[in-house]
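I opened this entry to log what I looked up, strand by strand and loop by loop. The structure comes first, my notes after.

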Amino acid sequence: MEHFQAALDPRKQELLEARFLGARVSVPKEPKETNAIINTNSDVSVNDHLDTHMSAGSQIQMAPKSTVNTTPHSQDSNMSTGSSHSDKEVDPNTPEKLPRTPSERKRKRKAEDSGGGGVGGPPLAKGAVRSQQADKKINEYFNKHSGNSHSPIRATVKSPSPQQPYAMVSFQLPPSPQQVGMPSPQVGYNTAFEFYKPPLGVPPQTMVHKLIQTELTCHRIQEFETQASSDLEMANTKIEELKRDNEELRHQISTQQKSIDQHKQQVNKCIEVVKKLLKEKSSIEKKEARQKCMQNRLRLGQFVTQRVGATFQENWTDGHAFQELARRQEEITAEREEIDRQKKLLLKKRPSNNESGRKRNNSSALLNGTDSGFLKPDAVPGSLTLQEYYEADEILKLRQNALKKEDADLQLEMEKLERERNLHIRELKRIHNEDQSRFNNHPVLNDRYLLLMLLGKGGFSEVHKAFDLKEQRYVACKVHQLNKDWKEDKKANYIKHALREYNIHKALDHPRVVKLYDVFEIDANSFCTVLEYCDGHDLDFYLKQHKTIPEREARSIIMQVVSALKYLNEIKPPVIHYDLKPGNILLTEGNVCGEIKITDFGLSKVMDEENYNPDHGMDLTSQGAGTYWYLPPECFVVGKNPPKISSKVDVWSVGVIFYQCLYGKKPFGHNQSQATILEENTILKATDVQFANKPAVTNEAKSFIRSCLAYRKEDRIDVLSLARHEYLQPPMPKHSRLTSNQQQQQQQQQQQQSASFSAGIFGAMNASSSS
């Protein structure tokens, strides 16, 4: 340390010691040469040396000096900001050091350089000093701050030793000799300034120990910071882009919402316009229907209320059209009677055969020249000759034939008027029921269905033609109205059956079955089912108008009905309609040449596994319900157990409907009421079906009807076999028909051969057994 000691003035060294020890040192006035020596240092100042050595990590051992009061340092002292605070804060446990002379300071420095102990102590060897420092515990140096193992600030300086000129050393403040009780201990390695505190308002200088230094270089750190800043900029840019996209999407959403609102307003306006137009159309149709009824009242007739005793009754009075027909009928009858009277008179004037014979005899006698001598009687006055009689008789016959033709035309016109009268009566009842209905003012049910007009009314329901505002289609709304006077259990039973019908019907999807769209409640005593609308009448109405249907058209209707029944038997679980009749077959186009749909599943039976047995069928729990003309005999059997039914009930109904379409009447109990049928057991006696001579019906159609109307249900054909019946199949070409006939003949021959072969074997076996 010779060059280091030469560079430092003793006073400057003392100031440095006071800086590191944190004690106040009195600064006497020195000659100007001292400052000159320090300031004229050619290399660096003392602080620069210290900073350089501290950054390099060199280690220097310095002996503590006694603390003295010093005056504030001047700029020439080159004190750091950390040491300037040490003159204000002094450890109270550190005794003040007495001022020393320069000679004492020189001796102290020499003693330290030579490895001596304290001031005035004997010189110690290096091994002794190391052993003494090694034997001394670290906590003896820190009586006050023994619990703190890390100092707030560590300083490092370089030691200009010849072997390791810039080795790392850590300065740490040792205790004073008075505290430890030993003379001037050496500064140990890795000790810290425990009482060092930076001045207020000045940020502390962090000095990092070698053990906690990082391997990152400044360039690497700068790269990290640059990458972090770029990532941050990218994130901010992404955030800004997302914000812009979000704003754009919000703007688009708001625009779309406005567009949707505008479209909703337009749709609502369109719906309002449609409602208005439909109401106007319905009102016009109602007015036209009422005007037509008023005109037909005079032409066809009307109901007239008459008093009968104490009550009033409505009696039907025919219109002038029927009166005109009646008058013409009377005229035809009178003219026929006149023709009959003239015929009788003509017969009286008819020339006799005797007169003609006498004329022939007289002519022959005159020719022979002889005379009989008898007088000839005079001719009857007014008698006609044979030619005149023939002419008069021919005229009367022609008049009679003309009257017959006119009478036939009159009968046809009468039938036509009767059909019109039936329609007129039906329309009058419909208008009356419509005026009495509480839904006659075009209400909108369930905010969706606009009721337009009443189609018909039953016992507890009304069917209205309506328009679905949501789906934009016509529908039929069947409003079920419960009687307010009913008991709760009866209401619950009715609702139960209605919901049962809904649950059965809603699962059906077939082009020959009316679709059920919706069901909803109207109020506490009424609810509505929404059905597919068919613009036309039912088959029953058509038969009442036209009596019969040609076989080809009737076959087309039966084919479609059988197709619907096949679908009902193929679904799981199968369904029995049980109430199949002409009134439940709708003609979609109003005539028999178009499509049909079956409806009304109120009495349907579900053939589930719990209630249906394939061998015996299922119990008929609703005996007495249904339409008796179209039910088979097994439904009328009375006994301890309920009768068993199956899908063959619908097969019997198909046979009855087909017979009625062809012949214009029912095969059993035609003009009987249901009560009469039940009393006289008409259906139970229907063992065989009889066919009339007219109209002419093919044998295939008769065979088909017989297979459907078999009395025993075991002998009756089932639905699936009925769908494969040859009468309902498309016509086969002649070649394929011959081929099928040949195949049937071959099968019959094979069966006969197998039967004869088995008979021969059994005969041989019997012969051998008898022998």
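I started at N446, which lies in the loop between β5 and β6. The model is predicted, so I read every angle as a property of the model. N446 has a positive phi of about 60° although it is not a glycine. Buried or exposed, or in between, was my next check on N446. The relative accessibility is 44%, so N446 counts as partly exposed.

I then took the two strands on either side of that loop. β5 and strand β6 (residues 449–457) run antiparallel and are joined by two bridges. V444 stands opposite L450 in β6.

**The sheet**

Which strands make up the sheet, and in what order? I read six strands in an open sheet, ordered β5-β6-β7-β8-β10-β9. The pairing is antiparallel. Which strands stand at the edges? They are β5 (444–445) and β9 (516–523). Each has a single partner strand, so one side of each is left without a neighbour in the sheet.

Next I went through two of the pairings. Strand β7 (residues 461–468) pairs with strand β8 (residues 473–481) in the antiparallel sense, over eight bridges. For a register mark I noted V463, which stands opposite K478 in β8. β8 also pairs with strand β10 (residues 526–532), again antiparallel, over seven bridges. Here A476 stands opposite L531 in β10.

The β7 and β8 hairpin has four residues between the strands. I looked for a positive phi there and found Q472, near 55°. Q472 is not a glycine. Its place is the loop between β7 and β8. I also looked up the accessibility of Q472: at 43%, it counts as partly exposed.

**A second hairpin**

I moved to strand β3 (residues 301–308) and strand β4 (residues 311–318). They pair in the antiparallel sense over eight bridges. F303 stands opposite W316 in β4. How many residues lie between the strands of this hairpin? There are two. Within the hairpin, G309 takes a positive phi near 70°.

**Helix packing**

How do α9 and α11 pack? I read an angle of about 160° between helix α9 (residues 320–348) and helix α11 (residues 386–436), with their axes 10 Å apart. An angle over 145 degrees counts as roughly antiparallel, which makes α9 roughly antiparallel to α11. The crossing of α9 past α11 is left-handed. I sorted the residues of the contact by class: 14 are nonpolar, four are polar and twelve are charged.

**α14 and the loop after it**

V562 is found in helix α14 (residues 551–570). I checked its accessibility. V562 has a relative accessible area of 3%, so V562 is buried, since buried means under 20%. I then looked for a sequence-distant residue and noted D650. V562 and D650 are 88 residues apart in sequence, and 9.2 Å apart from C-alpha to C-alpha.

I571 sits in the loop between α14 and β11 (575–576). Its relative accessible area is 19%, so I571 is buried. The cut-off is under 20%. A507 is 64 residues from I571 along the chain, and their C-alpha atoms are separated by 9.7 Å.

P573 lies in that loop too, between α14 and β11. I looked at the peptide bond before it: K572 and P573 are joined in cis, with omega about -5°.

I found another cis peptide bond between K694 and P695, where omega is also about -5°. P695 lies in the loop between α16 (674–680) and α17 (699–708).

**Cysteines**

How many disulfides are there? I counted sulfur pairs within 2.5 Å, and the count comes to zero. I then looked up two cysteines for exposure. C218 has a relative accessible area of 67%, so C218 is exposed. C661 is at 1% relative accessibility and therefore counts as buried.

Terms used
Residues numbered from 1 in each chain as written. Predicted model: local features only at pLDDT ≥ 70, side-chain atom pairs only at ≥ 80, totals over all residues. Heavy atoms only, no water. Buried < 20%, exposed > 50% of the residue type's maximum accessible area, 1.4 Å probe, protein only. Axes fitted to C-alpha atoms, helices over the stretch in contact; angles between N-to-C directions. Parallel < 35°, antiparallel > 145°, perpendicular 65-115°, else oblique. Left-handed = near helix turned anticlockwise from the far one by under 90°. Nonpolar A, V, L, I, M, F, W, Y, C, P; charged D, E, K, R; others polar. Pairing = 2+ DSSP bridges.
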